[in-house]
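Subject: Handover of a structure, with findings

Dear colleague,

Please find below the structure that I am passing on to you. A description of what was found in it follows.

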Amino acid sequence: MIYFGYTTSTHGLKGELKLYTDFSMQKQVLTNGFTLYIQNIPLKISHVRFHQNHYLVSFEDLEDINRVENLRHQKVYIQKEDLSLKKDEVLLEELPGFFVKEGEELLGKVIQIVYNKGGVLLKVKNDRIFY
């Protein structure tokens, strides 16, 4: 399973959960019918919308606030197989541990992904640490 984001609280009475994510393929994941995993429970998305820096997500058969209370403040995961990636496609989240080369020169190993307002940076370690 791949970490996707986290829930914080409910929104309204119809069972919507606030979901925060910076996952690289969130538009592909946050669609009706896609399965998210919270507490190892598979939950199929029935409705999703963006609202004030987070997503509001509803799940099939859980469209009541009382049924989603226990899903607040939880980590959310997905299965890589559900993404329909091409054979040579790699997720940004999988890059830590990969080696970085420029031509034939080995620059180092990716140790972290850093998200900032300007884009995504890879933290690379060799003799020194650089972005």
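Arg49 is partly exposed, with a relative accessible area of 33%. Please bear in mind that this value, like the others in this message, was computed from a predicted model.

**Salt bridges**

Which residue does Arg49 meet in a salt bridge? The partner is Glu16, and the N to O distance between the two side chains is 3.0 Å. Glu16 belongs to strand β2 (residues 16–20) and Arg49 to strand β4 (residues 41–51), so this pair ties together parts of the chain that are 33 residues apart in sequence. Unlike Arg49, which is partly exposed, Glu16 is buried, because its relative accessible area of 10% falls under 20%.

In general, side chains of opposite charge can pair when their charged atoms come close. The structure holds three salt bridges. One of them joins Glu69 to Arg72, whose closest N and O atoms are 3.1 Å apart. Glu69 counts as partly exposed at 32% relative accessibility, and Arg72 also counts as partly exposed, at 31%.

Another salt bridge brings together the side chains of Lys80 and Glu94, at 2.8 Å from N to O. Lys80 and Glu94 both lie in the loop between β6 (75–78) and β7, yet the pair links distant parts of the chain, 14 residues apart. As for accessibility, Lys80 is partly exposed, with a relative accessible area of 32%, while Glu94 falls into the partly exposed class at 26%.

**The barrel and its core**

Six strands form a closed barrel in the order β1-β2-β5-β4-β3-β6, with antiparallel pairing. From one strand to the next, the twist averages 50°. Within the barrel, β3 and β4 run antiparallel and are joined by four bridges. Across this pairing, Leu36 stands opposite Leu43 in β4.

Leu36 also has a place in the largest nonpolar core, which has 24 residues; Phe4, Phe23, Leu36, Phe59 and Ile78 are the members that touch the most others. At least two residues of this core come from each of β1 (2–11), β2, β3, β4, β5 (54–59) and β6. What does Leu36 touch, leaving aside residues up to four places away in sequence? The contacts are Phe4, Leu19, Val29, Ile41, Pro42, Leu43, Ile45, Phe59, Val76, Tyr77 and Ile78.

Thr35 lies in strand β3 (residues 35–38). Is Thr35 buried or exposed? Thr35 is buried, because its relative accessible area of 17% is under the 20% limit. Beyond residues up to four places away in sequence, Thr35 touches Pro42, Leu43, Lys44, Ile78 and Asp82.

**The open sheet**

An open sheet of four strands follows the order β7-β8-β9-β10, again with antiparallel pairing. The edge strands are β7 and β10 (129–130), each of which pairs on one side only. Strands β7 (residues 99–102) and β8 (residues 105–116) are paired in the antiparallel sense over four bridges, and Val100 has Gly108 in β8 as a bridge partner. Two residues stand between the strands in the hairpin of β7 and β8, where Gly103 takes a positive phi near 65°.

How many bridges pair β8 with strand β9 (residues 119–125)? There are seven, and the two strands pair in the antiparallel sense. Here Val110 stands opposite Val124 in β9.

Val110 brings us back to the cores. The largest nonpolar core holds 24 residues, and apart from it lies another core, of five residues, among them Leu95, Leu107, Val110 and Phe130.

**An exposed loop residue**

Finally, Leu13 is found in the loop between β1 and β2. Leu13 is exposed, because its relative accessible area of 66% is over 50%. Not counting residues up to four places away in sequence, Leu13 touches Asp64 and Ile65. Leu13 and Ser84 are 34 Å apart in space, C-alpha to C-alpha, and 71 residues apart in sequence.

Yours sincerely

Terms used
Residues are numbered from 1 along each chain as its sequence is written. This is a predicted model: local features need pLDDT of at least 70, side-chain atom pairs count only at pLDDT 80 or more; totals for chains, interfaces and linings use all residues. Side-chain values use heavy atoms; hydrogens and water are left out. Buried means under 20% relative accessible area, exposed over 50%, partly exposed in between (1.4 Å probe, protein chains only). Contact means heavy atoms within 4.5 Å. Two strands pair if DSSP finds at least two bridges between them. A salt bridge is a side-chain nitrogen of Lys or Arg within 4 Å of a carboxyl oxygen of Asp or Glu. A nonpolar core is a set of buried Ala, Val, Leu, Ile, Met, Phe, Trp, Tyr and Cys residues joined through side-chain atoms within 4.5 Å. Axes are lines fitted to C-alpha atoms, for helices over the stretch in contact, and angles run from 0 to 180 degrees between N-to-C directions.
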